[in-house]
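Me: Take me through this structure step by step. Keep the answers short.

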Amino acid sequence: MVIGTLYALMALGLSLIFGVLKLVNFAHGESMMVGGYLYYFLATSFIVHLLGLPLVVALAATVPVLFFFGFILEQTFLRPAYNRQTARYDEYVILVTFTLGIFLQNLALPLFGPYNRQAPAIFKGRIRIGDLIIAGDRLTGAVVAFAVIVVLFIFLYRTYWGKGLRAVSQNPEAAASLGINVPRMRSMAFGIGISLTGIAGALLGQIFLVNPVMGVPFAVKAFVIVVLGGMGSIKGTIVGAFILAVVESFGSILLPDPTRALAYKDAYGLLLLIVTLMFRPQGLFGEKVRRA
Amino acid sequence: MKRLPAFGLLVLAILFPLFYKDYWLYVAVIGLYYALLSSSWSMLAGQVGIISFAHAAFAAVGAYTSAILVIRLQIPIAVGILLGACAAAGFGYLIGALTLRMRGPYLALTTLGFAEIFRIFLTAEYDLTRGSYGLQVPLMFAGNKILIYYTGLGLLVMTLWVLYLILDSKIGLFLQAMREDEDGAATRGVNTVYYRLYAFVITSAFAGLAGGFYAHVVGLVSPRMALISEMGLILAMSIFGGLESLLGAALGAIVLQGLTEYLRTFEEWRLAVFGALVLFTLRFSPEGILPKLYELANAMFHRRSQPVKAGSR
């Protein structure tokens with residue numbers, strides 16, 4: 001359940017971006033990595049220590065930075081493709097986001113070095129619930145992730161902006177004709193998507209380690225989840241996250257050889273991805289997309 | 001007239017070993033490997049409009065097939081490489097058939113998934129592949145660099161020739177029509193299912209060929225060949241050289257590979273630089289940097305005449 005909640009959070013960013021911008025962000029893992037480093041540096045920076053601020057503040061501070069980062073990225077690289085109304089929008093954005101990922105990853109490598117860093121945990125220690133012992137960092141991750149997801153739902157379903165985002169996601173032309181600023185919504189969706197992903201990265205950085213390629217395995221998982229749940233469907237994403245968490249933990253019991261089982265753990269998810277794409281490309285909860 | 005620059009380049013390439021020995025010759029050979037990969041990839045991405053992230057994995061299929069066959073069965077290296085290409089073509093057929101109905105991001109994700117599964121398989125099946133240590137492979141021509149260089153050059157010329165032959169034929173027209181509008185092409189009687197598969201098989205075969213060649217040049221095959229960052233490199237080279245120009249993509253690979261060696265001192269920064277370069281290219285000159293430069297040079301050369309639109313293919 002703990003891992004499932006975190007999976008859900010990191011996949012939601014991807015899903016939201018797909019829903020509104022109709023693109024798969026291939027720089028997803030790297031966005032996560034950026035979030036992880038951001039939190040690491042904020043949490044270890046002297047300002048936080050000097051003022052004795054709780055680390056939650058550092059976590060909260062990553063959000064606006066990441067939002068801004070995503071917002072700018074969309075404006076620089078994705079907006080022109082959208083404005084040009086190119087027939088080959090799909091291909092262009094795949095190439096751009098993929099390259100962006102490669103760029104960020106290889107920028108982080110010389111800047112921060114290839115070694116691991118342990119991001120300081122917000123809550124140390126363990127909690128015992130019955131026979132179950134949960135490490136503090138994982139619990140924090142799950143609680144914060146859950147809180148963020150709740151906030152996201154309130155935002156999407158109770159505010160004007162949220163309504164706008166959902167409208168653009170469903171039908172951009174109609175939304176535009178009703179006076180919604182579609183380009184603005186697209187930038188915003190990308191910003192929010194990157195922030196969600198980044199927080200997930202910051203939380204995962206406390207549990208695992210922060211390094212330039214930390215996001216890659218999680219990005220692959222996020223792709224699986226989003227496809228499984230249906231591209232752009234928020235509820236589907238959450239269900240997909242829990243399915244993947246279960247499949248992974250049961251899948252690794254399936255093979256007798258432990259080293260091999262560990263290596264193939266990621267392969268199960270990918271297999272799930274390919275099978276879903278083949279037999280039910282719209283996912284479990286996705287709407288059938290009209291073929292253009 | 002349009003072929004003149006290409007022939008000039010060929011002559012330069014043939015004369016290259018006269019001026020450069022050992023180290024730079026080796027660099028050039030690796031450049032040729034990437035040129036094979038990126039020209040066949042740009043055929044798939046630029047001409048047919050299928051963005052596949054499995055190209056590096058296909059190269060690894062070719063490399064491992066050839067390596068294992070040569071080591072276990074002692075068959076000649078040339079036969080091994082050819083069989084590697086066949087194996088890659090087979091995988092290409094499989095992936096092509098699986099992804100027939102997919103478009104854009106879905107296709108990209110599936111191929112990415114396949115590439116990763118294959119890499120995990122290579123790392124995990126230690127008995128067959130010796131995992132991440134890689135396989136030691138016998139060298140081609142007992143490591144004679146000049147012969148290897150000419151073989152690589154021959155392969156590249158042959159690849160480009162075959163690909164251009166395909167593009168110049170009716171099939172090329174079909175493929176490009178599918179890129180612009182797949183449904184439109186289908187209603188006009190193009191057998192899109194058949195040609196999509198065809199494109200996948202051909203380009204994978206060339207990737208496998210490149211992989212086999214690489215295996216016997218470097219003498220070591222490892223799962224690193226199928227890494228996503230390897231794919232990123234191919235992509236960077238193709239885009240830099242011009243995604244819609246096969247020759248441009250091949251040149252882009254050689255130029256970037258040369259640049260890589262030149263920038264050895266900045267080792268860890270270079271992929272970041274490449275990334276930035278490609279982002280810049282995509283943003284400001286999506287048809288590639290090299291065709292643009294060529295156009296500029298042409299315009300300066302014939303100041304009076306209209307600048308020729310170069311590298312449109």
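**Contact between the chains, then one helix pair**

Reply: In this predicted model, the contact draws 34 residues from chain A and 31 residues from chain B.

Me: Which helix gives the largest share of the side of chain A that touches chain B?
Reply: Several helices of chain A each supply at least two residues there, including H4 (55-84), H5 (89-112) and H13 (265-279). By class, that side has 27 nonpolar, two polar and five charged residues. The largest share is 14 residues, and it comes from H5(A).

Me: What percentage of the residues of chain B count as buried?
Reply: Chain B has 14 helices and two strands. Of its contacts with a separation of 6 or more, 76% join residues 24 or more positions apart. Of the 313 residues, the buried part is 51%.

Me: How are H7(B) and H10(B) oriented to each other?
Reply: H7(B) covers residues 145-168 and reaches 34 Å from first to last C-alpha, close to the 34 Å expected. Its axis comes within 12 Å of that of H10(B), residues 192-218, and the two cross at roughly 175°. Angles over 145 degrees count as roughly antiparallel. The pair is therefore roughly antiparallel.

Me: Which residues of H10(B) meet H7(B)?
Reply: Buried residues of H7(B) include B:Ile148, B:Gly152, B:Leu155 and B:Thr159. Residues three or four places apart in an α-helix point the same way, because there are 3.6 residues a turn. The contact of H7(B) with H10(B) has six nonpolar, two polar and no charged residues. Facing B:Ile148, B:Gly152, B:Leu155 and B:Thr159 are B:Phe206, B:Leu209, B:Phe213 and B:Val217.

Methods:
Residues are numbered from 1 along each chain as its sequence is written. Chains are lettered from A and ligands numbered from 1 in the order in which they are written. This is a predicted model: local features need pLDDT of at least 70, side-chain atom pairs count only at pLDDT 80 or more; totals for chains, interfaces and linings use all residues. Helices (H or I, at least four residues) and strands (E, at least two) are DSSP runs, numbered from the N terminus. The expected span of a helix is 1.5 Å times one less than its number of residues. A residue is buried if 20 or more other C-beta atoms lie within 10 Å of its own, exposed if 12 or fewer, and partly exposed in between; C-beta atoms are placed from the backbone. Axes are lines fitted to C-alpha atoms, for helices over the stretch in contact, and angles run from 0 to 180 degrees between N-to-C directions. Angles under 35 degrees count as roughly parallel, over 145 as roughly antiparallel, 65 to 115 as roughly perpendicular and the rest as oblique. Two residues are in contact if their C-beta atoms, placed from the backbone, lie within 7 Å. Ala, Val, Leu, Ile, Met, Phe, Trp, Tyr, Cys and Pro count as nonpolar, Asp, Glu, Lys and Arg as charged, and the others, Gly among them, as polar.
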